[in-house]
Amino acid sequence: MIGIYLSGTGNTKHCVEKLVYLIDDKSKCLPLEHPQIVHILEKHYIIVLGYPTQFSNAPFMVRDFIKKNSSLWKGKKVFCVNTMGLFSGDGTGCTARILKKYGAEILGGLQIKMPDSVCDSKLLKKDIEENRQVVKNADKRIEQVAEQIRCGKYPQEGLSFIAHIKGLFGQRLWFYHKTLGYTDKLKISDACIGCGLCSRECPMGNIKIKDKKAVSGEQCTMCYRCISLCPQKAITLLGDQVIEQCRYEKYK
Ligand SMILES: Cc1cc2nc3c(=O)[nH]c(=O)nc-3n(C[C@H](O)[C@H](O)[C@H](O)COP(=O)(O)O)c2cc1C
Ligand code: SF4
Ligand code: SF4
């Protein structure tokens, strides 16, 4: 078994690692942007795939990765894990349907509430104690699910036709244009001091440092990693001001 994930603020990384290590403590977990990921995945047959919900869809980078490596999935058994701030409908189904098309068997799906990673909007913001409770609840749920999986039972969250309808009409249709591809809408303010952290951390290699300032390209997958890490709070995407940077480590 191997765990792979896209994680902007650490939520999904934590959930995938906790689940996978509880099922089999000898298994590895790696980020999707690992340079050898395709080669490593070729050697594994059971895959736990984790990613955050974005507008009730999977991040474009995750869908793109699955499609670009379409021949990788034939004969693989995949368990989809989706983290969310509030609601995802069929967050797991969004990748499960594509993976099935390429010959994977879907073992099941798990959708877990975690702190909301959008840190440049006041909407849905919880205080630190509430977020700590959210993480505690998530941990409990992961422990239950790991026990079930060890007994051979996989939850099927987000994979039903009803879940598909909920995801589609609950949100995905209304924000369809937001998740059609990568975005060029990342904003970097004059507060940038050119430290390079965002550039080093971006899973897409979307940020370059030019003349001691960060410059965004057109390949942002909206993970919010750079936004949550920038020491100057100089980066925004959906909003115009960073309210409170979100990192899983703050809530554990
Ligand atoms: C661009 C964007 C869109 C999001 N859309 C949703 C959403 O539709 N529903 C939801 O419940 N959470 C949504 N979230 C919150 C994240 O899914 C959630 O915080 C997730 O746990 C972040 O995981 P990560 O830290 O591993 O990236 C969104 C986050 C971002 C950055
Ligand atoms: S992390 Fe912030 S301050 Fe550092 S280079 Fe990036 S935008 Fe500039
Ligand atoms: S530019 Fe920032 S938000 Fe966009 S993919 Fe890179 S780290 Fe994530």
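**Two cavities and some paired rings**

Helix 8 gives the most to the lining of the second largest cavity, supplying 3 residues. Helices here are DSSP runs of H or I with at least four residues, strands are E runs of at least two, and both are numbered from the N terminus. You're looking at a predicted model, where local features need pLDDT of at least 70, side-chain atom pairs count only at pLDDT 80 or more, and totals for chains, interfaces and linings use all residues. Residues are numbered from 1 along each chain as written, chains are lettered from A and ligands numbered from 1 in written order, and side-chain values use heavy atoms, without hydrogens or water.

Let's stay with that cavity. Its volume is about 100 Å³. The lining of the second largest cavity has 15 residues, and C202, C220, T221, C223 and C226 are the closest to its centre. By class, this lining holds 12 nonpolar residues, 2 polar and 1 charged. (A cavity is a set of points on a 1 Å grid over the protein atoms alone where a 1.4 Å probe fits but cannot get out, and lining residues have an atom within 4 Å of a point.)

How many cavities of 30 Å³ or more does the structure hold? There are 4 of them, and the largest has a volume of about 120 Å³. Around the largest cavity, 17 residues make up the lining, with C192, C195, C198, C230 and P231 nearest the centre. Helix 7 (197-201) and helix 8 (225-229) each bring at least two residues to that lining. It splits into 14 nonpolar and 3 polar residues, with no charged ones.

So what's inside? Ligand 2 sits in the largest cavity, meaning that more than half of its atoms lie within 2 Å of the grid points. It has 14 residues around it (a heavy atom within 4 Å), and C192, C195, G196, C198 and C230 come nearest. The shell around ligand 2 has 11 nonpolar residues, 3 polar and no charged.

Now for the rings. The count comes to 3 aromatic pairs, with ring centres within 6.5 Å. F60 and Y182 are edge-to-face (planes over 60 degrees apart), because their planes meet at 85°, with the centres 4.8 Å apart. F60 lies in helix 3 (residues 60-68) and Y182 in the loop between helix 6 (161-172) and strand 6 (187-188), so this pair ties together parts 122 residues apart in sequence. F65 and W73 also form an edge-to-face pair, at 6.3 Å centre to centre and 75° between the planes. F65 is buried at 13% relative accessibility, with buried meaning under 20% relative accessible area (1.4 Å probe, protein chains only). W73 is buried too, at 1%.

Notes:
1 Å grid on protein atoms, 1.4 Å probe; cavity = no way out; pocket = protein on both sides within 12 Å on 5 of 7 lines; lining within 4 Å. Points joined across faces, edges and corners; volume = space filled by probe spheres on them. Nonpolar A, V, L, I, M, F, W, Y, C, P; charged D, E, K, R; others polar. Phe/Tyr/Trp six-rings, centres within 6.5 Å; stacked < 30°, edge-to-face > 60°. Buried < 20%, exposed > 50% of the residue type's maximum accessible area, 1.4 Å probe, protein only.
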